Amino acid sequence: MTMQIADSAPLSAPDARARARAAAARNNLRTEPKAVRIAIITLAVLFLSVFVVLPLVLVFAQAFSKGILAYFAALAEPEALAAIKLTLVVAAISVSLNLVFGLVAAWAIAKFEFTGKTFLITLIDLPFSVSPVISGLVFVLLFGAQGYFGGWLRDHDIQILFAVPGIALATTFVTFPFVARALIPLMQEQGTQEEEAAISLGASGLQTFFRVTLPNIKWGVLYGVLLCNARAMGEFGAVSVVSGHIRGETNTMPLLVEILYNEYQFVAAFAIASLLAMLALLTLIAKTILERHLDEGYDVNDH
Amino acid sequence: MTIEVKNLVKKFGSFAALDGVDLKVNDGELLALLGPSGSGKTTLLRIIAGLDWPDSGEVAFNGEDALAQGARERHVGFVFQHYALFRHMSVFENVAFGLRVQPRAIRKDEATIRRRVKELLDLVQLDWLADRYPSQLSGGQRQRIALARALAIEPRILLLDEPFGALDAKVRKELRKWLRSLHHEIHVTSIFVTHDQEEALEVANRVVVMDKGRIEQIGSPDDVYETPATAFVHGFIGESIELPVHVVDGAVRFGERALNLAADGLAPGASKLFVRRHDMLVGPPGSGAFEGAVQHVRNFGPVQRAEVALSGGETIEIDAPRDRELRAGDTIGLRPRRYRIFAG
């Protein structure tokens, strides 16, 4: 006959209950009472529903309130098509410009040391901290008929204000920080060692950029472009000041939504608004995917 | 390939990273740049590689002015402390990089590149990792891949910046041996930077000891250990006892006590006496140059390390053989078997 080892014997029922209570007590140290938890979660969900989900649903409900045909008819209006086209053109221009500016600024900040660097970093955020209306007004001051370059522009027959260039400029200004902001921390973290390695292995500047730098920051670039694009298409304030609201010519989608709404054309207004809402949803999905990839860009050559 | 550096000066703001450095590296040599952090050793290496530029001075490879060329033209293999592997490329592509970016006119065809990369991966014994990415490798593996990548361009010179600094002690020891045998095999002129004296003494043919942007001593590992040229070298390499002494009328004085040590050729004035811990011989009181009371004794394998309070006021640590057991409270005499005295 062998002796039973005490520890391996099954627990008696009271023992098991005591352990369960102890475990529950431990958990209680870490988490709030059940009632509080439920209250907090309910509050958060309720708030999100009322302030975020409900408006989104209402946009689509209004857009389709006269049926699907009315919806598409509203979108097929020449004025609507012109606004969509203008919005796409302006977004394309400002995103491309900001891609280049953002890359250059991030490169300068992350990879070089120079005086005034801190000032430049602060300056990059200016478009975020200033009201978009003021951003628009700055361009009116510069290029308007009474502005600094107004006379010269009129003499040379160049139209900036109340035309595509003005809208593109204002949008570019307002959306400038996105790409730079996405890239600066990424490039700072990655440092310059890989570039130095590439150059010492005989790569030219361009080869280094396209084979080493760009692949390392591509997810950051896409992330910045995505957010930049979303804001460029949705920008209202700055564009409103410089656009002049010429129907079928200088109205972007957000501007047209306001005009149509003010004219009580609710279906048309919300039909276009629904496009912007869809853009927002797509942006969110893409953003989630990109953020997952973005994490891969960090780490590796550890310190 | 020989490397000749003349009167190199490099300042970062008011800090002189290199303050007039002269150095000649022989063909096929494996040279260590040894010094504490901030001594300028990495800056010197980066200037030789063309990753940094000096404020003044000359760098010549085989007598040719190297400063006239950029890093790209110098054909120097550089191994970074933190590897700097291309994180988005496989191990194979990392090693192939230097071959793929060659100008079209001299670029090898794909089959040749593949064969060459395979050879290099065999050389560093990591051919089985070709398809992995840097993030999937251990530190030691990354460093060997970084070395294979640097060797791919058949560099005229191989430069390694703290190559084993980020690795744990065991891997570091293995890689040290491996680096030495690799150098024996490929025989390319190599310089590596380290702050680890053991590493420098074990791996290099010659050691350059640097401090504060200047070269303190150049010599074989034995030279720098056995006959340190300056107080700094003596203090930096090996475990040294450092005592303030005075040279007066051809005699060495420690506080009030005249030491029975030769002072030939020493300038009078405040000086420093350096003795290796194991060169301080223990005898009965009154027998040596110093007297002291043993405070603590700890045993380290074959030696006992004793903390001794000297009668002149300083407390020193000595390593004595175990044949005569020391005990706390003993009064002993100490005689330096070998010592050096430096002015200042």
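Colleague: In which strand of chain B is B:Ser190 found?

Modeller: This is a predicted model. In it, B:Ser190 belongs to a strand of chain B that spans residues 189-194. That element is strand 8.

Colleague: Is B:Ser190 buried or exposed?

Modeller: The cut-off for buried is under 20% relative accessible area. B:Ser190 has a relative accessibility of 2%, so the residue counts as buried.

Colleague: Which residues does B:Ser190 touch, leaving out those up to four places away in sequence?

Modeller: B:Ser190 sits in strand 8 of chain B. Its contacts beyond the sequence neighbours are B:Glu29, B:Leu30, B:Leu31, B:Leu158 and B:His183.

Colleague: What does the side chain of B:Ser190 reach, and at what distance?

Modeller: The partner atom is a backbone oxygen, and it belongs to B:Val188. The side chain of B:Ser190 reaches that oxygen at 2.8 Å.

Colleague: What is the strand order in the open sheet of 5 strands in chain B?

Modeller: Pairing in this sheet is antiparallel. Strand 15 (280-283) and strand 18 (315-321) of chain B each have a single partner strand, so they stand at the edges. On average, neighbouring strands are turned by 45 degrees against each other, direction ignored. The order is 15-19-16-17-18.

Colleague: Over how many bridges do strand 17 and strand 18 of chain B pair?

Modeller: Strand 17 of chain B covers residues 303-310. Across this pairing, B:Gln304 stands opposite B:Ala320 of strand 18. The two strands pair in the antiparallel sense, and the count of bridges is 7.

Colleague: Which ring does B:Arg305 lie over?

Modeller: B:Arg305 lies over the face of an aromatic residue in chain B, at 4.8 Å from the ring centre. That residue is B:Phe300.

Colleague: What is phi of A:His245 near?

Modeller: Most residues other than glycine have a negative phi. A:His245 goes the other way, with a positive value. A:His245 is in the loop between helix 13 (237-243) and helix 14 (253-262) of chain A, and is partly exposed at 31%. Its phi is near 50 degrees.

Colleague: Where does B:Glu154, with its positive phi, lie?

Modeller: Phi of B:Glu154 is about 45 degrees, although the residue is not a glycine. Its relative accessibility is 51%, so B:Glu154 counts as exposed. B:Glu154 lies in the loop between helix 5 (139-151) and strand 7 (157-161) of chain B.

Colleague: How many aromatic pairs are there over all chains?

Modeller: Rings pair if their centres lie within 6.5 Å. By this rule, the count over all chains is 17.

Colleague: Is the pair A:Phe139 and A:Phe143 stacked or edge-to-face?

Modeller: Both residues lie in helix 7 (residues 132-143) of chain A, 4 residues apart, about one turn of the helix. Both are buried. Their ring centres are 6.3 Å apart, with 20 degrees between the planes. Planes under 30 degrees apart count as stacked, so this pair is stacked.

Colleague: Is the pair A:Tyr264 and A:Phe266 stacked or edge-to-face?

Modeller: A:Tyr264 is exposed at 67% relative accessible area, while A:Phe266 is partly exposed at 33%. Their ring centres are 6.2 Å apart and their planes stand at 85 degrees, so the pair is edge-to-face.

Colleague: Which residues form one aromatic cluster with A:Phe139?

Modeller: A:Phe139 already pairs with A:Phe143. The cluster with A:Phe139 is made up of A:Phe143, A:Phe149 and A:Phe173.

Note on methods: Residues numbered from 1 in each chain as written. Chains lettered and ligands numbered in written order. Predicted model: local features only at pLDDT ≥ 70, side-chain atom pairs only at ≥ 80, totals over all residues. Heavy atoms only, no water. Pairing = 2+ DSSP bridges. Axes fitted to C-alpha atoms, helices over the stretch in contact; angles between N-to-C directions. Buried < 20%, exposed > 50% of the residue type's maximum accessible area, 1.4 Å probe, protein only. Contact = heavy atoms within 4.5 Å. Polar contact = N/O pair within 3.5 Å; in protein donor to acceptor, adjacent residues only side chain to side chain. Phe/Tyr/Trp six-rings, centres within 6.5 Å; stacked < 30°, edge-to-face > 60°. Lys NZ or Arg CZ within 6 Å of the ring centre and 35° of its normal.
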